[in-house]
Amino acid sequence: MTSFPHLLAPGRIGATTVRNRVVMSPMETMYSTGDGLPSERTRDYFAARARGGVGLITLGATGIDHRHPETPGGLHLGTDGAVDAHRALVDVVHEHGAKIQPQLVHAGPDGLGPEIFGVESLGPSVIPSYLTGRPSSEISRRQLCEIFDLYKAAVRRAAEAGYDGIELHAAHGYMLLCSFLAPQRDRRTDGYRGDSPRGRVRVVLEALAAIRSEVGDALPITLRISGYERIAGGRPIYETARMATELVAAGGDAFHVSGGVIDRLVTGMVNAADDGDELNVGAAAAVKQVVDVPVIAVGRIHDPARAERILADGRADFVAMGRPLLADPELPDKLQADSRIGSVGASLAKTVSTQWNSVSRSTARSTPAPARSANSPRPEPTAPSASSW
Ligand SMILES: Cc1cc2nc3c(=O)[nH]c(=O)nc-3n(C[C@H](O)[C@H](O)[C@H](O)COP(=O)(O)O)c2cc1C
């Protein structure tokens, strides 16, 4: 009898069956070829996680336009020539029984297009890139329509490559779609106006409609959103919950509820221990109350016992893990084998998490936390806290 009956139960997103409820959260690896295609290293990295038993892998930010990368060499599905390399990645993941989907993005105001390709960066308004500080131009209606066409083409290529779905990235108040959703970034006064919930969500509804017009129901669409933005003046959870029903009606098949907005050191998106565990689960539960599609919770759910409790309590349908699966590709399989072993993943994740946050907080001057040696004592599994909800 497993100690993780909910976590290890098969689930569905749209018409796609997933072998368990563990989702690998999108994390850019920068392992791609210089021109933004999955490389041998990309394939090995994801094959290891698929072999380790994860249910659904989400690729990190994957551009719909190769001229607007978020990172140098960032993955893209922006050209027909990209399909073969993506198909090779999908095939190795499928060989090990996992499902896989790309997280589709247009980097909008936050890409490196101007620096690398000499193109103009576009945002809802003239706003500084979170990364470089360079201001974007305000996107016109015509340019928005061109970007919807790019979404359509990228989703068609995702289907050709054999992906099991797509994740539409609209979280963290950055890149194109979520900059429109963020009141502090959308200062327009037209139909996409930033001072009204209806104006802010319009671009996501139109992107969904465009995608659905291209692929019909062939690929499930997961929407990644911030439950709430955790900054003064940011979008509150009640607005996200209201939007959620409209987003389902427009074609969303699942929600992946993250939180916060990005900042230069990404501490608002990749939270450190002092932000607390399970910090987006309340928002995921609020979305789950108003929709009848699956909801994925994410954010410092590093202890499998906590993940199991979240599902058992009905606060989410899937749990996404980022750093735990960076640290331990075999974490899901270890849950099958032995509940205690799950704590290894949790403790490894804590180490990676500490390293990640110390690097991002103090840039190159920080000293990474020492890795746990193989002989050091293993901590006892953490019991789910009664006060966690
Ligand atoms: C190295 C790294 C890269 C990330 N890249 C992305 C990304 O491309 N898109 C995204 O939405 N989130 C990205 N994230 C955020 C993760 O998907 C996740 O939401 C976050 O790490 C919290 O989950 P965790 O506590 O399980 O790690 C990244 C996180 C890390 C650590």
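## Helix α4

In this predicted model, helix α4 covers residues 141–161, and because a helix is expected to advance 1.5 Å a residue, its 21 residues should span 30 Å; the C-alpha atoms at its two ends are indeed 30 Å apart, which agrees with that expectation. Just after α4, Gly162 takes a positive phi of about 95 degrees.

The buried residues of α4 are Ile147, Phe148, Tyr151, Ala154, Val155, Arg157, Ala158 and Ala161. An α-helix has 3.6 residues a turn, so residues three or four places apart point the same way. The partners against which the buried residues of α4 pack are the helices α2 (83–95), α5 (175–181) and α6 (197–215), together with the strands β5 and β8.

## Strand β8 and its neighbours

Strand β8, one of the elements that α4 packs against, runs over residues 166–170, and 5 of its 5 residues are buried, so the strand is largely enclosed by the rest of the structure. In a regular strand the side chains alternate between the two faces of the sheet. In β8, Ile166, Leu168 and Ala170 point one way while Glu167 and His169 point the other way, and all of them are buried.

Which strands pair with β8? Strand β5 (residues 99–105) pairs with β8 in the parallel sense over 2 bridges, and Gln103 has Glu167 of β8 as its bridge partner. Strand β9 (residues 221–226) also runs parallel to β8, to which it is joined by 5 bridges, and here Ala170 has Ile225 of β9 as its bridge partner.

## Around the ligand

The ligand is surrounded by 21 residues, of which the closest are Ser25, Met27, Gly60, Gly322 and Arg323. The elements that give two or more residues to this shell are β3 (22–27), β4 (56–63) and α10 (323–327), and the largest share, 3 residues, comes from β3.

What kinds of residue make up the shell around the ligand? The shell divides into 10 nonpolar, 7 polar and 4 charged residues.

## Confidence in the model

The mean pLDDT of the protein is 89, and 87% of its residues reach 70 or more. Over residues 359–389, however, pLDDT stays under 50, and for this stretch the model has 37 contacts beyond four places in sequence. Where pLDDT is low, the predicted coordinates should not be read in detail.

Notes
Residues are numbered from 1 along each chain as its sequence is written. This is a predicted model: local features need pLDDT of at least 70, side-chain atom pairs count only at pLDDT 80 or more; totals for chains, interfaces and linings use all residues. A residue is near a molecule or strand if its C-beta atom, placed from the backbone, lies within 6 Å of it. Helices (H or I, at least four residues) and strands (E, at least two) are DSSP runs, numbered from the N terminus. Ala, Val, Leu, Ile, Met, Phe, Trp, Tyr, Cys and Pro count as nonpolar, Asp, Glu, Lys and Arg as charged, and the others, Gly among them, as polar. pLDDT is the predictor's confidence in each residue, from 0 to 100. Two residues are in contact if their C-beta atoms, placed from the backbone, lie within 7 Å. A residue is buried if 20 or more other C-beta atoms lie within 10 Å of its own, exposed if 12 or fewer, and partly exposed in between; C-beta atoms are placed from the backbone. Two strands pair if DSSP finds at least two bridges between them. The expected span of a helix is 1.5 Å times one less than its number of residues.
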